Structures are given as structure tokens and as C-alpha cells.
Amino acid sequence: MAPKCPNSIAMRLCLTLFIAIFIAPNLILAKNTQEIRGLRMNAIDRCWRANPNWRRNRQQLARCAVGYSGKMIGNIGRGLVRYKVTDPSDNPVKPKPGTLRYGATMIKGKVWITFQRDMRIRLEKPLLISSFTAIDGRGVSVSIAGNACLRVFKANNVIIHGLQIHHCRAQPASSVMGPDGRIVNIGQVDGDAIRLISASKVWIDHNTLYQCQDGLLDVTRGSTDITISNNWFRDQDKVMLLGHDDGYLRDKNMKVTVVYNHFGPNCNQRMPRVRFGYAHVVNNLYQKWAQYAIGGSMNPSVKSEANLFVASKSGKKEKSWRFYSVRDAFENGASFIQTGFGGAKPNYNRQQNFPVVDAQSVRSLTRSAGVLRCTRRSRC
């Protein structure tokens, strides 16, 4: 029963009270219901987020990956080193113990990296991540921003989870500490948030990436068996590039899964742009692109499946290019021209396979895309 308001002076107070008692709880309940629904449909998140003891068993995450990366069981088990970042500083050639660069380059074998507290890390030079490395930012707020960012160069079995990566800048040629504690000479860097070069079996999950000088995520030079999931890509011109250039034939073997991601707002193009290879782009939310959403060249195979494309009122409506589209949904006048039919099946094995959700449920499915808001005392 609504409260009685004796006179017009009390009307505003009564209205505020009515909203607080009757309306606000329902809005919160509706939001929580959508989040719970999305969690149940998300094959990755439902694998670990319902566990209230995830902090004690962080490595459970490795068994939750789907798509072409497959389960990341090579990152866990016997010989695993648990390393905690305590120092946000960076020395690109002589990394100090306690820094992120030390954990990602100096420790041989399997390493699972976590963070002691909230921190903003300004990398002096690009960070080259070693094979069998997991960077796990859950439970705290970790930003890599303002200068150089992340590279996976000729490495495999890498997990990047729970990081905010933004405002990455181009870098001149330099020397840095590389995998297994060896100095590596690298050429000029364009300013991507994350770049994969001749890498394999990499899982990039629940990160928030935005406003970098070049792109947000590049998969190049023969990289394959990659899963890009649950990330939030926003405020960027060139978002995601799969395939190095039109002349790099090794990218014909590239296989990438792009699933459960949120693209937008304020993204212009390349979500992704694909050269050669195969991409399964599935259950993603596209929010108001400017130039195009999915594009490519050099005859790649692309299956766009059960994505939700929400066009802006003034931007380009058509996502035109050769691809095989099935069960995609379109709003605000969004449309496509399909020039590929049949085929383009991902052919996942049992460890890679996952159920595809109807496109109309993609908003709920991607509601938690990006860095999760979880504390040491709460579930993620």
C-alpha cells in the first residue's frame, strides 16, 4: 500500500519514499535476475563464478575455457609457481622481484600471477609474456595504462584475465627482458593493448580495453588456437585484427573464437577484421558501430552466429562483407549482405565445444563482459 500524502508540500517526499520502497527494489531485482540468467547461459562464467571459494581455488579457471584455446590445463598442476605482484613499478631490462614483469619473464615453467592490491602499472616498454603464464587480476582493480602494453611473442599456454588495459602508446625499437629471463631486441611497437605474434593456445577473458593509439587486440603472424571471451571493447577506432597482412600466408592456419564480448559504445571498425584463417564470432553484443562491425580480406572463413547487432540512429546500418551468418539478430535498422552460404563450421573437439545461446539473450549473456566487480569478500 502506498503512503498517504496529507498535502502538496509533502508530495515530493512521498514520491521519493514510494520510489525507494516500491520501484527501486524491483529495478535492482530485475538487474540481478538478468545477471543471474546471463551467468547460467555463459558456459565460461557458470564454470567458476558460482563458487564462493574461488579465491582458494583460482586455478579452477583454467578448466573453464571454451573455443579454440581449449581447456588451459597446461597452466595448472605439478610445478606451478604462485606469484604475487606487490610493486607497480617497472624496469624493462632488470625487473625487480615483486613486479609484474619479473613474474611474467623471470620465472621458468608454470606461473600463476595475482596482485596484492589495487594498482595502476605504467610499463616502460612492452611486456613479453612467457609460455605457461596466467595473469589473474580478479579481486582487485589492476590497470595497465599510459605507455607500453602486452605482447605474447612465440609463446603458448597464456591466460590474460581481469585487467583494464588502456591508453597504450607506440614505442620505438628497444631491448627488454623476454621469456625465460633472456634479453630480447624488439622493433617499433604500434600501440596495441594486446598483440599476439606467432603465439598459440592463448585465452583472453574478462578484460576491459579502450582508447589505445593503434588497436586493442591483434592476432598475427601465424598465431592460432585463440579464445577471446567476455571482454569489453569500447571507445576505439580499430578494435580487433585477426591476421597480419594480405601477404602473410601462415595466417591461413589461424583459428580464433570470439565469444561473449561486448563491442561498444564508440567503436568504429574491426570487430574483428579477418585476413585468411578461420574465425567463429558468436554470441557477441555489437552496440552502435560507426564504419563496420565485421570485415576482412584474403578469403578467410568466418561464421557469425547468434550475435546481436544494434545499429546507431545515425551511423552505418549495414555490416556488409563475405561471411556465413546464422541466427544473428539486428536492431535499429541494422542489416547485412551475406555472400557465403553453408560450411564455415568450427569443428570443435569436446574440450572446445560449448552451447550457442539465442541472439535475443545476448544482452543478458554479455552483461558481465569486461573486468568483473568482485572483492576479496564477495563472489565475482
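**Figure 1. Open parallel sheet of 9 strands in the predicted model.** In this predicted model, 9 strands with parallel pairing form an open sheet, and their order is 3-6-9-14-17-20-24-27-30. Strand 3 (119–121) and strand 30 (329–331) occupy the edges with a single partner strand each, so one side of each has no neighbour in the sheet. At one end of the order, strand 27 (residues 308–310) runs parallel to strand 30 and is joined to strand 30 by 3 bridges. Within this pairing, V310 is placed opposite E331 of strand 30.

**Figure 2. Open parallel sheet of 10 strands.** The order of the 10 strands in this open sheet is 1-2-5-8-13-16-19-23-26-29, again with parallel pairing. Its edge strands, strand 1 (81–85) and strand 29 (324–326), each pair on one side only. Between neighbouring strands of the sheet the average turn is 10 degrees, direction ignored. In the interior of the order, strand 16 (residues 224–229) pairs with strand 19 (residues 255–259) in the parallel sense over 4 bridges. S229 has V259 in strand 19 as its bridge partner.

**Figure 3. Strand 12 and its two parallel partners.** Strand 12 (residues 194–197) is covered on both faces: I194 and L196 are buried on one side, and R195 and I197 are buried on the other. Strand 7 (residues 150–153) runs parallel to strand 12 and is connected to strand 12 by 4 bridges. In this pairing, R195 of strand 12 is the bridge partner of R151. Strand 15 (residues 215–220) is likewise parallel to strand 12, and 4 bridges join these strands. Here I194 stands opposite L217 of strand 15.

**Figure 4. The largest cavity and its lining.** The structure contains 3 cavities of 30 Å³ or more, and the largest cavity has a volume of about 60 Å³. Its lining is formed by P126, C149, L150, R151, R169, V189, D190, G191, D192 and R195. By class, these lining residues comprise 4 nonpolar, 1 polar and 5 charged. R151 and R195, both of which belong to the lining, are the bridge partners shown in the preceding view.

**Figure 5. The largest pocket.** The volume of the largest pocket is about 670 Å³. Its lining has 26 residues, of which R367, S368, A369, V371 and R373 are the closest to the pocket centre. Helix 1 (11–41), strand 14 (208–210) and strand 17 (232–234) each contribute at least two residues to the lining. Strands 14 and 17 also appear in the order of the open sheet of 9 strands. The lining of the largest pocket is composed of 9 nonpolar, 9 polar and 8 charged residues.

**Figure 6. Surroundings of L39 in helix 1.** L39 is a residue of helix 1. Apart from its neighbours within four places in sequence, L39 is in contact with D45, R46 and R49. The C-alpha atom of L39 is separated by 9.0 Å from that of T366, a residue 327 positions away along the chain. For the protein as a whole, 59% of the contacts between residues at least 6 apart in sequence join residues at least 24 apart.

**Figure 7. Two cis peptide bonds preceding proline.** G264 and P265 are joined by a cis peptide bond with omega about 5 degrees. P265 is situated in the loop between strand 20 (262–263) and strand 21 (267–269). A cis peptide bond also joins M271 and P272, with omega about 0 degrees. P272 is located in the loop between strand 21 and strand 22 (273–275).

**Figure 8. Buried loop residues with positive phi.** Y260 is a residue other than glycine with a positive phi, near 65 degrees, and is placed in the loop between strand 19 and strand 20. The relative accessible area of Y260 is 0%, which means that Y260 is buried. N283, although not a glycine, has a positive phi of about 55 degrees. This residue is found in the loop between strand 23 (278–282) and strand 24 (285–287). N283 has a relative accessible area of 0% and is therefore buried. Across the protein, buried residues account for 56% of the 380 residues, and the secondary structure amounts to 4 helices and 31 strands.

Key
Residues numbered from 1 in each chain as written. Predicted model: local features only at pLDDT ≥ 70, side-chain atom pairs only at ≥ 80, totals over all residues. Heavy atoms only, no water. Pairing = 2+ DSSP bridges. Axes fitted to C-alpha atoms, helices over the stretch in contact; angles between N-to-C directions. 1 Å grid on protein atoms, 1.4 Å probe; cavity = no way out; pocket = protein on both sides within 12 Å on 5 of 7 lines; lining within 4 Å. Points joined across faces, edges and corners; volume = space filled by probe spheres on them. Nonpolar A, V, L, I, M, F, W, Y, C, P; charged D, E, K, R; others polar. Buried < 20%, exposed > 50% of the residue type's maximum accessible area, 1.4 Å probe, protein only. Contact = heavy atoms within 4.5 Å.
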